[in-house]
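Biologist: I should like to learn how a structure of this kind is read, feature by feature. May we begin with a single element and then widen the view?

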Amino acid sequence: MSVLQRCIFNEKEKKWITNILYGKKWAVCGDSFTNGDFSGGYSETFEDGPFAGKYKTYGYLIAERNHMTVQHLAVGGQTMAMPPVPGTFSNSFSNGIYKTIDEDVDYITLYYGINDSHHRPSSTGSDGEDQTGIIHLGAIDDTDNTTFYGAWNVVLEYLIAHHPYAHIGILVSNGCETDDYRLATIEVAKKWGIPYIDLNGDERTPMMHRSTNPAHCDRAKELRMEAFKVGGRNSHPNIKAHLYESWFIEDFLRTL
């Protein structure tokens with residue numbers, strides 16, 4: 001590859017700077033908002049290259065632009081926590097998946113919360129995902145993976161201990177059933193000293209659709225939903241949403 005492919009042009013300073021993401025290995029962890037769910041709508045896949053046949057989701061778009069290697073650990077319907085009743089549900093990141101992250105990864109991002117909120121008591125399960133097994137939000141000092149807080153604590157302690165030199169970042173999930181999950185994710189990120197980006201929108205980040213942030217007006221949320229959902233009853237991010245968010249998620253990676 002040429003030197004220029006290892007660099008990016010800084011428009012403000014009018015000079016080339018080193019592309020710190022070039023050639024790095026990235027563990028992309030999350031649920032269907034990361035994996036992609038375009039059922040009933042339009043989708044696009046890469047025609048060639050290392051990601052040929054893969055959906056053009058934010059992870060692969062960023063990796064393709066920066067010649068990165070991806071360890072893709074995102075699965076639709078995945079939760080962060082496990083129900084306390086064994087055998088009721090197994091599609092959980094804290095059910096051992098976090099221990100499968102390769103030793104040589106340079107970056108790890110975690111994007112969870114929607115499906116945990118679907119497993120809470122009295123959940124409506126708006127995504128149509130498996131709601132078997134109750135998962136409580138819990139409290140910030142929980143130490144096992146049967147609550148949302150506890151699972152984050154278990155996973156983040158492990159990742160910091162076993163990947164001490166990896167750049168870890170949290171994508172605060174948009175689309176949870178209640179705002180408690182956004183706030184809980186931010187709280188655990190601060191507890192463990194892990195940088196985060198809030199996709200519900202804040203002073204640094206554009207608001208994506210299905211935001212639970214009460215600071216934003218209903219009309220803004222309606223407009224984002226119209227622009228970014230797949231369509232019909234499928235409110236997962238569409239192809240344009242993945243492209244749109246890929247740019248500021250990429251900028252977030254560069255800060256880690």
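Modeller: Certainly; please bear in mind that this is a predicted model. Let us begin with the surroundings of one helix. The buried residues of α2 pack against the strands β3 (25–30), β4 (69–72), β5 (107–111) and β6 (167–172), and also against the helices α1 (32–35) and α7 (239–255).

Biologist: Which residues of α2 are the buried ones?

Modeller: A residue is called buried when its relative accessible area is under 20%. In α2, this applies to Y58, G59, Y60, L61, I62, A63 and N66. Because 7 of the 9 residues of this helix (residues 58–66) are buried, α2 is largely enclosed by the rest of the structure.

Biologist: What follows α2?

Modeller: The helix is followed by H67, which has a positive phi, near 55°.

Biologist: Let us turn to β6. Is I170 of that strand buried or exposed?

Modeller: I170, which is found in strand β6, counts as buried, with a relative accessibility of 0%.

Biologist: Which residues does I170 contact, leaving aside its neighbours within four places in sequence?

Modeller: I170 is in contact with L110, W152, L156, T185, A189, I194, P195, Y196, I197 and F252. As for distances, V188 is 18 residues from I170 in sequence, and their C-alpha atoms are 9.9 Å apart in space.

Biologist: Loops may be read in a similar manner. Where is the place of H209?

Modeller: H209 is in the loop between β7 (196–198) and α6 (218–228). This histidine is buried, with a relative accessible area of 1%. A polar atom of the H209 side chain lies 2.8 Å from the backbone oxygen of S235. Residues up to four places away in sequence aside, H209 touches F33, N174, R224, M225, F228, K229, S235, H236 and P237.

Biologist: How many helices and strands are there in the chain?

Modeller: The chain has 7 helices and 9 strands. Its radius of gyration is 18 Å, close to the 18 Å given by the globule rule for 256 residues, so the chain is as compact as a globular protein of that length. Along its principal axes, the C-alpha trace spans about 55 × 40 × 35 Å.

Biologist: What can be said of burial and contacts over the whole chain?

Modeller: Buried residues make up 50% of the 256 residues. Of the contacts with a separation of 6 or more, 64% are between residues 24 or more positions apart.

Conventions:
Residues are numbered from 1 along each chain as its sequence is written. This is a predicted model: local features need pLDDT of at least 70, side-chain atom pairs count only at pLDDT 80 or more; totals for chains, interfaces and linings use all residues. Side-chain values use heavy atoms; hydrogens and water are left out. Helices (H or I, at least four residues) and strands (E, at least two) are DSSP runs, numbered from the N terminus. The radius of gyration is taken over C-alpha atoms; the globule rule is 2.2 Å times the number of residues to the power 0.38. Buried means under 20% relative accessible area, exposed over 50%, partly exposed in between (1.4 Å probe, protein chains only). Contact means heavy atoms within 4.5 Å. A polar contact is a pair of N or O atoms within 3.5 Å; within protein, one must be able to donate a hydrogen and the other to accept it, and residues adjacent in sequence count only if both atoms are side-chain atoms.
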